[in-house]
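Here is a short report for a reader meeting this structure for the first time. Please keep the sequence and the 3D view at hand.

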Amino acid sequence: MRLTRFTDVALRVLMRLAVVENEDPPTTREVAATMQVPYTHTAKVVAKLQHLGLIEARRGRGGGLSLTGAGRSASIGGLVRELEGPGDVVDCEGTTPCPLRSACRLRGALRHAEEAFYASLDPLTVTELVASPTGPLLIGISSGRPDTG
């Protein structure tokens with residue numbers, strides 16, 4: 001299974017915001033630059049995360065992005081499910097439907113594997129993802145100087 005770029009960026013944005021507690025809140029543009037992601041893509045991710053109640057975005061002077069309590073404690077598995085949306089790992093009904101689709105065991109096995117993937121992420125939270133050594137590295141990246149601990 002491969003995550004979409006949108007989900008990847010969303011997870012990285014959440015992780016970045018989880019380590020900026022004692023700093024001025026970064027702007028979407030600053031987060032995009034730090035994470036080396038195009039601003040327009042980051043802005044779409046920020047809008048979705050805000051809609052989900054995981055981040056707050058304030059405009060104007062003193063504004064910026066911050067992680068909410070719900071964002072800190074969000075289940076990574078639940079978040080990935082939400083961002084990836086429903087769908088099968090394989091497209092059995094595509095433009096050329098698979099001739100095995102009516103009696104195939106692979107589709108069910110792949111669904112089971114996908115759920116096991118999500119279940120392994122369910123107990124993890126954003127806060128846990130930024131525990132050392134990740135958090136200090138994120139802080140170093142955002143300040144322009146790597147912090148290797």
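G53 sits in the loop that links α3 to β1. This is a predicted model. With a relative accessibility of 32%, G53 counts as partly exposed. That value lies between the cut-offs of 20% for buried and 50% for exposed. Setting aside neighbours within four places in sequence, G53 makes contact with T68, A70 and G71. G53 can also be paired with L67, which is 14 residues away in sequence. Their C-alpha atoms are 9.0 Å apart.

Another loop residue is D88. It lies between α5 (76-84) and α6 (106-121). D88 is partly exposed, at 33% relative accessibility. Its contacts, leaving out neighbours within four places in sequence, are R107 and R111. D88 and G108 are 20 residues apart along the chain, and 9.6 Å separates their C-alpha atoms.

A third loop residue is Q36, found between α2 and α3. Is Q36 buried or exposed? At 70% relative accessibility, Q36 counts as exposed. Its backbone also deserves a look. Q36 is not a glycine, yet its phi is positive, at about 55°. This residue comes just after α2.

The table sets the three loop residues side by side.

| Residue | Loop | Relative accessibility | Class |
|---|---|---|---|
| Q36 | α2 to α3 | 70% | exposed |
| G53 | α3 to β1 | 32% | partly exposed |
| D88 | α5 to α6 | 33% | partly exposed |

Now to the helix that precedes Q36. Which residues of α2 are buried? They are T28, V31, A32, T34 and M35. Viewed down the axis of α2, these buried residues fall within an arc of 165°, so they line one face of the helix. R29 and A33 are exposed on the other side of α2.

α2 also takes part in the largest pocket. The volume of this pocket is about 270 Å³. The pocket is lined by 13 residues, and the closest to its centre are T28, V46, A57, R59 and L65. T28 is thus named twice: it is among the buried residues of α2, and it is one of the residues closest to the pocket centre.

Which elements supply at least two residues each to this lining? They are α2 (28-35), α3 (39-51), β1 (55-58) and β2 (64-67). The most comes from α3, which gives five residues. Sorted by class, the lining holds six nonpolar, four polar and three charged residues.

Next, the whole protein. Its secondary structure comprises eight helices and two strands. Starting at the N terminus, the order is α-α-α-β-β-α-α-α-α-α. Both strands, β1 and β2, supply residues to the lining of the largest pocket.

How much of the protein is buried? Of its 149 residues, 33% are buried. The accessible surface amounts to about 9100 Å². Carbon and sulfur atoms account for 55% of that surface.

Contacts can also be sorted by distance along the chain. Take those between residues at least 6 apart in sequence: 65% of them join residues at least 24 apart.

To look again in the 3D view, begin at G53 in the loop between α3 and β1. Go on to the largest pocket, with V46 and A57 among the residues closest to its centre. Then turn to α2, where R29 and A33 are exposed. End at D88, in contact with R107 and R111 when neighbours within four places in sequence are left aside.

Notes: Residues are numbered from 1 along each chain as its sequence is written. This is a predicted model: local features need pLDDT of at least 70, side-chain atom pairs count only at pLDDT 80 or more; totals for chains, interfaces and linings use all residues. Side-chain values use heavy atoms; hydrogens and water are left out. Helices (H or I, at least four residues) and strands (E, at least two) are DSSP runs, numbered from the N terminus. Buried means under 20% relative accessible area, exposed over 50%, partly exposed in between (1.4 Å probe, protein chains only). Contact means heavy atoms within 4.5 Å. Accessible areas come from the Shrake-Rupley method with a 1.4 Å probe; for residues, only the protein chains shown count as cover. On a 1 Å grid over the protein atoms alone, a cavity is a set of points where a 1.4 Å probe fits but cannot get out, and a pocket is an open set with protein on both sides within 12 Å along at least five of seven lines; lining residues have an atom within 4 Å of a point. Grid points are joined across faces, edges and corners, and a volume is the space filled by probe spheres set on the points. Ala, Val, Leu, Ile, Met, Phe, Trp, Tyr, Cys and Pro count as nonpolar, Asp, Glu, Lys and Arg as charged, and the others, Gly among them, as polar. The arc is that of the directions from the helix axis to the C-beta atoms.
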